[in-house]
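Please walk me through how the strands and helices of this protein are arranged. I would like short steps that I can check against the coordinates.

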Amino acid sequence: MGTWHEYLQSEGMPPEWPYPIKFGEETELDADVLVLGGGIAGCWAAISAARQGAKVVMMEKGDVRRSGAGGPGCDHWCNVPANPLSRVDPDEWAILEMESLGDYSNGIGIEIQCREDFDALLEMEQMGGKIRDTDDEFLGVEGRDDATKFMVSPRYSVDGALAPAKGWGEPGFNPPEKRNNTVLRIWGSTFKPVLKKECLRLGVRILDRTMATCILNEKGRQGARAVGATGINVRTGEFVIVKAGAVIISTAGAGHLWYLDMEHGGYSTMYSRNQSGDGTAMAWRAGAKVTMMEVSSPNRFSGGLKHKWYTGGGDASYENVPLVDANNKRLPAPTQGWTDGGAMFSPQADIIARVREGVKRGEYELPFYADFASMKPEESHATWDLMLTEESTTKIMVQTMEAGGFDKHRDQIMNYTLIEAQPSQQYRDPAGGGGIMTDWDLMTSVDGLFAAGMSTFSPGDHSYAAATGRYAGRKAAVWAKQRGAGEISREQVDAEKERVLAPTKRTGGIEWKELHNGLSRVMQYYAGEFRNERMLDMALEEIGRIEEFAVPQLYALDPHKLMRSLEDLSIIEYAKIVLNAIKERRFTSQKLRIERQDYPENDPEEEKNYLALYQEDGKVCFQRVPIRYWGTMKEQYEAHNPDYTGVYKG
Ligand SMILES: Cc1cc2nc3c(=O)[nH]c(=O)nc-3n(C[C@H](O)[C@H](O)[C@H](O)COP(=O)(O)OP(=O)(O)OC[C@H]3O[C@@H](n4cnc5c(N)ncnc54)[C@H](O)[C@@H]3O)c2cc1C
């Protein structure tokens, strides 16, 4: 059967719900380690906990095989300074990286990534993932090392940690001896299926299509040790209770508080649709500390309101594709990193400004094109058939364009930079900054509750998720073994079950899309570009009204819509934390991207702290935690991992 329209035409009516409905029924399981979210971090956590001998259960909202932001693929294994071709010291690189990401980066996660992500990559190869050019398909491509068959991403130089050096593509730029070799190009579309296979081989009990809804605290007391979690099967509606010695949150961050676009991707077209802040909301309700929640920025990655991020030329996967104007005039290099008129990597802002001015003066003519045709054939082959094919949903773009006759050796692709408007200030994105705080064991402020990947504050990318997941898994396994099982509270379970199933008890009222749209409007109106105390109070009042009048009318006719409804409730919780955090930051700070009209001055002392938020008996509490609270990264890492054996010995 083709489209929905064709189905209705032939059948005359929509299909029956294809799964048995089990609202109200329960399954109870127990585990040493329970992993919530089977994305990149979650799979690695489950595998490493299982390798420690722990009995592991993992809940995943989708199907672990392809779920999450990293499910479709990945083309860059970033920050892998322990690889044999690297020219930098991993511990020094971790510091450089932390500093290049600004004052509020996550030094714990970055150190773990720099120390251990090469070990994770080698394990990935053992499991069956492809990490080298074993078929010699890319002989002669820049950065390919013939001895190891690793494909180094050549754009990174030793001068800058994260940012590609200026002048990419210029003659003589970034010669091989200057490269840091800290980023490898890999075949990431092979990863997720092998991670699932390995989980199953190790006996991990995978609960696919099961949305985690609540962390269970010992005796049901907020802030007490985590002793399990509840979930709901998003196909049958069956309620799941898992008792566990330790719980790991790896559900990634939040996507889309500020908008809901029903005509396009629904949510952002950049992030996984499942990324709805559930883990942060669960941790928050359990009493764990979260931070960086005040940070947001205009959404650069389209959100369905714009053309997909990958517009031909000028972003990470197209790393070396030159851009030309309508008359084939080459734009200044590097064009890499262009996103919606804003610089993804700061050194390029000046180049973007130059090109904008050039367009106004008539020096360059729109539209621009990614000029695959002018590239060396082996380089366009690598960009098209490795980077874009492996990266993610870009594979679909590759397939679609090829089906339409695109030839990378002959053709150009239109680029939408400067054609589409600047990102609107009211369509903001919280992802990338806010998240759960942890210590050096990746344990949160709640005993037995761990966090990894994009669930942590200021998270990194794919290899960060893999390394932190793998690390959290082994730490949680040890913790669970030492502490044994805790005691869950039936009262807490019952209250959660009632909350979760409430929308299924109604047959009319407000559906999830309407609720989401209402919440997004609140965020757009009162927490957009201009912020002041009155507007923030109005936002909280509005949300209060939504909770009082709209949430009790929320209805879901099937388990899938129930999932979307519960996501809305997470988003509402998340929005309240964001608003409380912005309110509490009574100053203006460029570093934190906070502009308060009522507090236009900077406060350098306040700026030296993370703002941690947590709940005690349902009351919102604040704590200032000094930036770099983790101490000396190398020392702390080694003190916490004396027995770890990996490639890099320190
Ligand atoms: C288009 C795109 C391209 C990218 N390319 C690269 C790249 O080339 N290199 C790179 O380093 N990084 C890349 N990234 C980033 C990388 O994919 C992420 O950093 C990585 O996937 C984060 O891992 P994670 O486990 O934290 O989150 P995810 O992989 O997103 O996993 C989170 C999982 O939690 C599940 N989940 C959410 N809520 C619940 C719940 N309540 N209950 C149960 N399960 C839940 C989700 O379904 C998902 O499977 C890319 C991201 C995108 C979107």
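The tour below goes from strands to helices. Keep in mind that this is a predicted model.

Start at strand 2, residues 56–59. Its two faces are both covered. Val56 and Met58 lie on one side, Val57 and Met59 on the other, and all four are buried.

Now look at the neighbours of strand 2. Strand 1, residues 26–36, pairs with strand 2 in the parallel sense, over four bridges. Leu36 has Met59 of strand 2 as its bridge partner. Strand 6, residues 205–207, also pairs with strand 2 in the parallel sense, here over three bridges. Met59 turns up again in this pairing, opposite Leu207 in strand 6. Met59 is thus a useful residue to display: it is buried, it partners Leu36, and it stands opposite Leu207.

Next comes an open sheet. Three strands form it, in the order 3-5-4, and the pairing is antiparallel. Strand 3 (76–77) and strand 4 (151–152) are the edges. Each has a single partner strand, so each has one side without a neighbour in the sheet. Strand 5, residues 184–185, pairs with strand 3 in the antiparallel sense over two bridges. Within strand 5, Arg185 is the residue opposite His76.

Turn to the helices. How do helix 2 and helix 5 run relative to each other? Helix 2 covers residues 40–51 and helix 5 covers residues 191–201. Their axes come within 9 Å and cross at roughly 30°. Angles under 35 degrees count as roughly parallel, so that is the label for helix 2 and helix 5. The crossing of helix 2 past helix 5 is left-handed.

Which residues make the contact? Helix 2 contributes Cys43, Ala46 and Ile47. Helix 5 answers with Leu195, Lys196, Glu198 and Cys199. Sorted by type, the residues of this contact are five nonpolar, no polar and two charged. The spacing within a helix has a general background. An α-helix has 3.6 residues a turn, so residues three or four places apart point the same way.

Finish with helix 6, residues 278–286. Is it enclosed or open to the outside? Eight of its nine residues are buried, so helix 6 is largely enclosed by the rest of the structure. The buried residues are Asp278, Gly279, Thr280, Ala281, Met282, Ala283, Trp284 and Ala286. Gly287 follows helix 6, and its phi is positive, near 100°.

Note on methods: Residues are numbered from 1 along each chain as its sequence is written. This is a predicted model: local features need pLDDT of at least 70, side-chain atom pairs count only at pLDDT 80 or more; totals for chains, interfaces and linings use all residues. A residue is buried if 20 or more other C-beta atoms lie within 10 Å of its own, exposed if 12 or fewer, and partly exposed in between; C-beta atoms are placed from the backbone. Axes are lines fitted to C-alpha atoms, for helices over the stretch in contact, and angles run from 0 to 180 degrees between N-to-C directions. Angles under 35 degrees count as roughly parallel, over 145 as roughly antiparallel, 65 to 115 as roughly perpendicular and the rest as oblique. A crossing is left-handed if the near helix is turned anticlockwise from the far one by less than a right angle, and right-handed if clockwise. Two residues are in contact if their C-beta atoms, placed from the backbone, lie within 7 Å. Ala, Val, Leu, Ile, Met, Phe, Trp, Tyr, Cys and Pro count as nonpolar, Asp, Glu, Lys and Arg as charged, and the others, Gly among them, as polar. Two strands pair if DSSP finds at least two bridges between them.
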